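Trainee: Please take a close look at one part, the place where protein and DNA meet. I would like a single connected account.

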2 protein chains.
Amino acid sequence: MRPPTNTMSQKAISCESCSLNAVCLPSGLTAEELIQLEKSIDKTMKIKKKEAVFKTNQISDGIYAVKSGAVKTSIANSDGQEQVLEFHLPGDILGFDAFNSGTHSCDAIALEDTLICKIPEATFDDLCIALPGLRKELKHQLGKEISHHQNLLLSLGQQQTDERLATFLLQLSLHYQSRGFSNKEFVLPMSRQDLSNYLGMAVETLSRIISRMTDENIIKVERRVVIISDMDKLEALAHSSCKKT
Amino acid sequence: MRPPTNTMSQKAISCESCSLNAVCLPSGLTAEELIQLEKSIDKTMKIKKKEAVFKTNQISDGIYAVKSGAVKTSIANSDGQEQVLEFHLPGDILGFDAFNSGTHSCDAIALEDTLICKIPEATFDDLCIALPGLRKELKHQLGKEISHHQNLLLSLGQQQTDERLATFLLQLSLHYQSRGFSNKEFVLPMSRQDLSNYLGMAVETLSRIISRMTDENIIKVERRVVIISDMDKLEALAHSSCKKT
DNA sequence: CGGGAAATTGATGACTTTCAAGGTGTGTGG
DNA sequence: CCACACACCTTGAAAGTCATCAATTTCCCG
């Protein structure tokens, strides 16, 4: 009976030695500041697949960084209609949604077994006063969140369904590239259901677009693995305001 | 030759005596803090209709509060497709979009002659350190911005066009009510073009929905003046996930 | 007062959803 | 370890929603 060898048993490590420190909160901090930040970070959160990091209306307990795994945030209205807002990958920060009222305005659900680093609410304000680098980085992360929302709004409001998927794949490609991974071959961390909801279309529509793009030799998709065969065509598709090439 | 008597000639007044101080940045500040804030605020910005408070890629010069008038923010992609992101009414804050890169990621255009109060970038960080109340209020305002984006995403991603308009009208109704105005009769500060774009639909579609809702005695619309005749029906429409009543 | 932008209305067609069925992979319990 | 159940994904056909094109009216600004 040995313990499982998945990420859930991973040992907590310091921000300094974390492979994500260039993209995560520590990115703008001095060595000195990092030590201060480190003291407050709670690395003990292990969230299992389909379980919540936090839920709507829950009182904010701080902000969170994804250490490994993946998290989706989504909002629901009174009728139960749900909209996926963002997919958070390792190094991403979440929890800003509680800044308005002090309670979370969305659900954060793990898409797979996930490790989370938490900066507790209590020490957060103090840290911001003490660490100029943290303030700067926090501003940067908040801006990233806002930019993301703006781009998704542009996509949902103005693009056709196939353009939306193309745009999404390109963004994901860039994301992986910036983290040293292949920009042509990567894994979708979410189900078709979650992705189609995020992109504001029916699951069937997403499936059909994937099939069509595969037929046109733009991408190859095997379950959740995506290979971009023709980056140029994909980019052309994402920018095709003048319908039909 | 007397000077024009429109809002553009309005005299700058103190935050303390401003009618908006309960909803604007001063809201969470002590009297002491307000004096500090006041020193840094630049109230001289007068933006004429159709002119920009700031434009995309412009280096951030601070954050802005709408004193009078109205401002729309919008983002455009490389193809010139444009998406209106938000309408900012008196008391609303804008400029957070530059938090990511230091340059603005959207355009902010005045919908009518508008007065703007500016907190310059240079003093902003210092003020945040010095004034706990300002930090708290800033957090609140940032959260409001994020919440707004989330709700718009839900609307664009999950609702039908008529549900989107109903939702928008109800939000505007609540907004005016919370500021002491009528919740049943108010003015749309934007053109049909801007509103239809914001709601992710064609102008013609918006026009048709307005006509239909008028025929059904839910609203009366005369140019930019809206009267809500049947609040219950409007709310039912906004929540009709089970299509067709 | 005139030109032109803004708004409305109608007809048509494209895109997307919905409903339905079948296929494929995964996980759990025997 | 295998089998079965179930969730996930794909594909097809039909229907609906919404966009586009076009024409007309209304209203605003110079």
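Mentor: Among the atoms of DNA strand D within 4 Å of the protein, 71% are sugar or phosphate atoms, and the rest belong to bases. This is a predicted model, in which local features need pLDDT of at least 70 and side-chain atom pairs count only at pLDDT 80 or more, while totals for chains, interfaces and linings use all residues. Residues are numbered from 1 along each chain as its sequence is written, chains are lettered from A and ligands numbered from 1 in the order in which they are written, and side-chain values use heavy atoms, with hydrogens and water left out.

Around strand D there are 19 residues, a residue being near when one of its heavy atoms lies within 4 Å of the strand. Those that come nearest are Arg192(A), Arg208(A), Ser211(A), Thr205(B) and Arg208(B). By type, the surface near strand D has 9 charged residues, 8 polar and 2 nonpolar; Asp, Glu, Lys and Arg count as charged, Ala, Val, Leu, Ile, Met, Phe, Trp, Tyr, Cys and Pro as nonpolar, and the others, Gly among them, as polar.

Some individual atom pairs can be named. Arg192(A) places a polar side-chain atom 2.9 Å from a phosphate oxygen of strand D. For Ser207(A), a side-chain N or O atom is 3.0 Å from a sugar or linking oxygen of the strand. Arg208(B) has a polar side-chain atom 2.9 Å from a base oxygen of strand D. The elements giving two or more residues to this surface are helix H5 (192-198) and helix H6 (203-215) of chain A, together with helix H6 (203-215) of chain B; helices are DSSP runs (H or I, at least four residues), numbered from the N terminus. H6(A) supplies the largest share, 4 residues.

Notes
A polar contact is a pair of N or O atoms within 3.5 Å; within protein, one must be able to donate a hydrogen and the other to accept it, and residues adjacent in sequence count only if both atoms are side-chain atoms.
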